[in-house]
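Here are some notes for a colleague who has not yet looked at this structure. Please read them with the model open.

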Amino acid sequence: MTKAITCTLCEAMCGLLITTSGDRVTGIRGDADDPLSAGHLCPKALALADLRDDPDRLRAPVRRTADGWQEITWDEAYDLVAGALARIRRRHGADAVATYLGNPVTHSLGGMTHAPPFVNLLGSRNRFTAGSVDQLPHQVVARLLYGHQWLLPVPDIDRTAYFLIFGANPAVSNGSLMTAPGMARRIRALHERGGTAVLFDPRRTETARLGVDHHFIRPGTDAALILGLLRVILTEGAATPAAYVDGLDEVRHAVEPFTPERVEAATGVGPGTVRRVALEFAAAPAAACYGRMGVSTQRYGTLCQWGIQLLNIVTGNLDRPGGTLLTRPAVDAIGQLDPGRRGRWHSRVRGLPEFGGELPLAALAEEIRTPGPGQVRALLTVAGNPVQSAPGGPALDQALAGLEFMAAVDFYVNETTRHAHVILPPTEPLERDHYDLVFRMLAVRDTARYSAAAFPKPPGARHDWEIFRDLARRYRRLVRTGRWRDALMLRLRPDRIVDLALRTGPYRLSLARLRRHPHGIDLGPLRPGLPRRLRTPRKRVRAAPPPLLEAVRQAAADLLTPAEPGTLLLIGRRHLRDNNSWMHNSARLTKGRPRHHLLMHPADLAARGLADGAPVRVRSTTGEVTVEVAASDDLMPGTVSLPHGYGHDLPGVRLARARHLPGAPVNALTDPAALDQLSGTAVLNGVPVTVEPSP
Ligand SMILES: Nc1nc2c(c(=O)[nH]1)N[C@H]1C(S)=C(S)[C@@H](COP(=O)(O)OP(=O)(O)OC[C@H]3O[C@@H](n4cnc5c(=O)[nH]c(N)nc54)[C@H](O)[C@@H]3O)O[C@H]1N2
Ligand SMILES: Nc1nc2c(c(=O)[nH]1)N[C@H]1C(S)=C(S)[C@@H](COP(=O)(O)OP(=O)(O)OC[C@H]3O[C@@H](n4cnc5c(=O)[nH]c(N)nc54)[C@H](O)[C@@H]3O)O[C@H]1N2
Ligand code: SF4
Ligand SMILES: [Mo]
């Protein structure tokens with residue numbers, strides 16, 4: 001039997017055709033009829049079958065005992081979890097129970113509809129998500145400039161003439177906050193129509209190899225370059241902003257210090273390149289500037305994302321076909337979402353402000369470890385592995401061991417969930433219906449696709465949403481709390497929620513209609529909609545919000561400080577066959593040449609007397625790891641690169657294959673104290689390290 005499904009492993013949302021026989025997968029291929037992915041798929045799609053068959057994947061709730069994990073019934077599991085969460089709340093207050101929502105929550109329909117209302121029910125201010133090790137700077141900037149954290153313009157890659165990229169590797173990641181399956185094809189098409197793609201990245205990446213004009217940049221210095229590009233455009237009279245933009249005089253003043261010569265000393269990018277790229281970008285008939293993880297998770301991530309928006313704004317490319325535009329998704333949830341308020345409360349220990357209702361993940365360990373009123377004593381994680389993904393992972397690992405209670409909604413016993421007292425495993429992705437609530441909002445073309453589950457739910461299994469519904473029912477019997485809206489959401493089925501949202505959405509679609517079109521419905525290319533869709537008070541773009549101006553003023557000297565010779569800066573890396581910290585139990589994805597090495601330029605190896613392939617000790621101010629080094633002239637000298645999500649060999653982890661993969665946990669080296677101040681996002685790129693022979 002062949003069914004049309006949607007891949008949920010990354011943001012690309014590829015349409016897939018899956019053939020099955022009984023309860024087994026017999027084939028997976030790209031769905032050529034999907035209006036967005038047009039047949040594209042990557043090697044991870046095939047691993048959906050491995051995930052399904054993995055004997056290490058939990059199929060029933062388990063409880064941790066002195067003799068290991070013991071299977072229990074759902075009723076027992078719900079009672080244990082709801083009971084413990086309610087008890088700790090009663091004894092120590094709501095803030096004593098923290099929550100962490102990991103990345104796959106956004107890829108699961110039932111996770112998206114039901115995890116947030118359950119978290120609301122718990123009423124704690126100690127809410128954490130993967131957002132603060134990822135995209136929060138984009139949200140902070142969107143809130144300040146456009147009035148809502150989810151008004152995120154998307155590069156119109158299929159119509160642009162000039163694509164300017166900072167710190168993203170879409171050839172591998174398949175695009176992030178820019179759902180664009182088949183990036184190689186799209187870049188090829190850009191070149192074929194005479195367009196240009198320019199990339200700034202300290203590593204010559206897979207994206208750089210797509211015929212892209214690639215330039216090295218010293219890690220952590222992009223804000224200087226981006227503001228320098230703006231300075232060229234604003235001083236050479238090339239600006240053509242829309243009439244609804246305020247504040248460009250202030251911007252012009254703020255970028256004054258960023259002369260091409262000073263930018264070069266800080267970033268390593270020559271003044272000729274700065275001028276040329278700026279003027280080409282401004283002169284292109286349509287241009288789009290975009291930056292992702294490399295510029296979001298660095299010391300001035302919010303300034304980088306501000307500068308990127310400004311480049312699009314001052315050149316008139318915001319809201320222009322071929323520039324960057326807002327999507328118009330069939331389910332438009334923006335009105336229901338927090339606009340991005342900030343600072344309503346602060347973290348207890350370090351006094352860090354919340355943003356959009358969450359605190360920086362970098363603060364979780366200290367909130368657990370530091371005694372006193374408001375101390376975190378219990379944790380619920382959902383679809384996450386913060387021991388691997390948070391800065392200072394090993395310290396968080398230690399902190400988790402000291403919790404009074406921990407529960408996880410997850411189907412693996414990984415580095416994080418091994419600390420749980422109870423694990424509640426949901427169905428796997430092929431067993432559930434799917435509609436992408438998040439990434440349809442961020443795609444380079446408007447489309448809608450509802451996928452029915454490829455397999456029926458096995459007897460006794462629970463979907464993510466059922467777990468939250470059932471937990472909420474028990475919990476509310478013990479703690480009379482919660483808003484009616486959350487209680488209602490928790491009782492509705494996700495398909496019902498999607499249907500209602502489709503019917504009231506901009507295209508008046510319905511679930512029935514989408515079911516009749518299993519390959520998806522094309523809603524067309526991105527369309528202009530500003531200033532009408534702004535959520536600022538007077539429908540004006542605020543190009544120069546005071547907090548950002550103040551931040552540039554304070555950061556300028558630091559940003560423009562020339563690099564010290566001899567220092568090494570660590571950056572991250574993703575691989576097409578890795579998926580953050582999970583999917584490492586799949587043989588299909590992990591066989592072949594190892595790819596966990598620390599990459600280092602041959603000159604940097606020679607300067608330290610290190611041999612290619614030898615184990616080395618990498619040290620930062622917070623920790624150290626031992627890992628093999630590999631020479632690579634794809635790295636900018638002075639930069640080393642290590643992927644995240646490796647190093648699974650900890651006691652209790654139940655991932656038979658992953659445990660034996662070589663590699664080291666990069667977040668042993670990242671520092672929870674190092675944050676992008678404006679957003680609370682962790683600095684994961686541009687971390688100073690030393691590398692020496694392993695003793
Ligand atoms: N195959 C695969 N795909 C994925 C994922 C995965 O794990 N595997 N993860 C998904 C997730 S959760 C996300 S958020 C996205 C991320 O999507 P991307 O951001 O496109 O992916 P990264 O590989 O993190 O790319 C970051 C790039 O920034 C560069 N970089 C590092 N530091 C700096 C710097 O200081 N300045 C500049 N200019 N560049 C820098 C790195 O060399 C790297 O090439 O990918 C998603 N897709
Ligand atoms: N140094 C460094 N650190 C990083 C990054 C980096 O580039 N460098 N990238 C950061 C980024 S962008 C991200 S998004 C984070 C990711 O960090 P996390 O979200 O914390 O971790 P993941 O590795 O995505 O772990 C996903 C977990 O979800 C479970 N899971 C998968 N599907 C489901 C499901 O449908 N339901 C439930 N309940 N569970 C499920 C898996 O079993 C796994 O345990 O890491 C961040 N950390
Ligand atoms: S690029 Fe790969 S992992 Fe991402 S949605 Fe497509 S098939 Fe799935
Ligand atoms: Mo991410």
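1. A polar contact, as the term is used here, is a pair of N or O atoms within 3.5 Å. An oxygen atom of ligand 1 and a polar backbone atom of Met293 are 3.1 Å apart, so the pair falls within that cut-off.

2. The model is predicted. Its mean pLDDT over the protein is 97, and 100% of the residues score at least 70. Confidence is lowest in helix α17, residues 484-491, with a mean of 94. The highest value, 99, belongs to strand β18, residues 405-409.

3. Ligand 1 has 32 residues around it, and the closest are Ser173, Asp201, Asp222, Asp578 and Asn580. Two helices, α5 (170-173) and α11 (293-296), each give at least two residues to this shell. By class, the shell holds eleven nonpolar, 13 polar and eight charged residues.

4. Side chains also reach ligand 1. A polar side-chain atom of Arg574 is 2.8 Å from an oxygen atom of the ligand, and an N or O atom in the side chain of Gln298 is 3.5 Å from an oxygen atom of ligand 1. On its own, ligand 1 has 920 Å² of accessible area, of which the protein covers 97%.

5. Which residues are closest to ligand 2? They are Tyr100, Asn103, Ser389, Asp410 and Ser581, out of 28 that surround the ligand. The shell divides into 13 nonpolar, ten polar and five charged residues.

6. For ligand 2, polar backbone atoms of two residues can be listed: Asn103 at 2.6 Å from an oxygen atom of the ligand, and Asn385 at 2.9 Å from an oxygen atom. The side chain of Arg432 places an N or O atom 2.9 Å from an oxygen atom of ligand 2. Taken alone, ligand 2 exposes 920 Å², and the protein buries 97% of that.

7. Ligand 3 is surrounded by residues that include Cys7, Cys10, Cys14 and Cys42, with Lys44 and Asn174 also among them. Its shell divides into nine nonpolar residues, one polar and one charged.

8. Away from the ligands, the strands deserve a look. Six of them form a closed barrel in the order β23-β27-β24-β26-β25-β30, with mixed pairing. Neighbouring strands of this sheet are turned against each other by 45° on average, direction ignored.

9. Within the barrel, strand β25 (residues 615-619) and strand β30 (residues 687-693) run antiparallel and are joined by four bridges. Arg619 stands opposite Thr690 of β30.

Conventions. Residues are numbered from 1 along each chain as its sequence is written. Chains are lettered from A and ligands numbered from 1 in the order in which they are written. This is a predicted model: local features need pLDDT of at least 70, side-chain atom pairs count only at pLDDT 80 or more; totals for chains, interfaces and linings use all residues. Side-chain values use heavy atoms; hydrogens and water are left out. Two strands pair if DSSP finds at least two bridges between them. Axes are lines fitted to C-alpha atoms, for helices over the stretch in contact, and angles run from 0 to 180 degrees between N-to-C directions. pLDDT is the predictor's confidence in each residue, from 0 to 100. A residue is near a molecule or strand if one of its heavy atoms lies within 4 Å of it. A polar contact is a pair of N or O atoms within 3.5 Å; within protein, one must be able to donate a hydrogen and the other to accept it, and residues adjacent in sequence count only if both atoms are side-chain atoms. Accessible areas come from the Shrake-Rupley method with a 1.4 Å probe; for residues, only the protein chains shown count as cover. Ala, Val, Leu, Ile, Met, Phe, Trp, Tyr, Cys and Pro count as nonpolar, Asp, Glu, Lys and Arg as charged, and the others, Gly among them, as polar.
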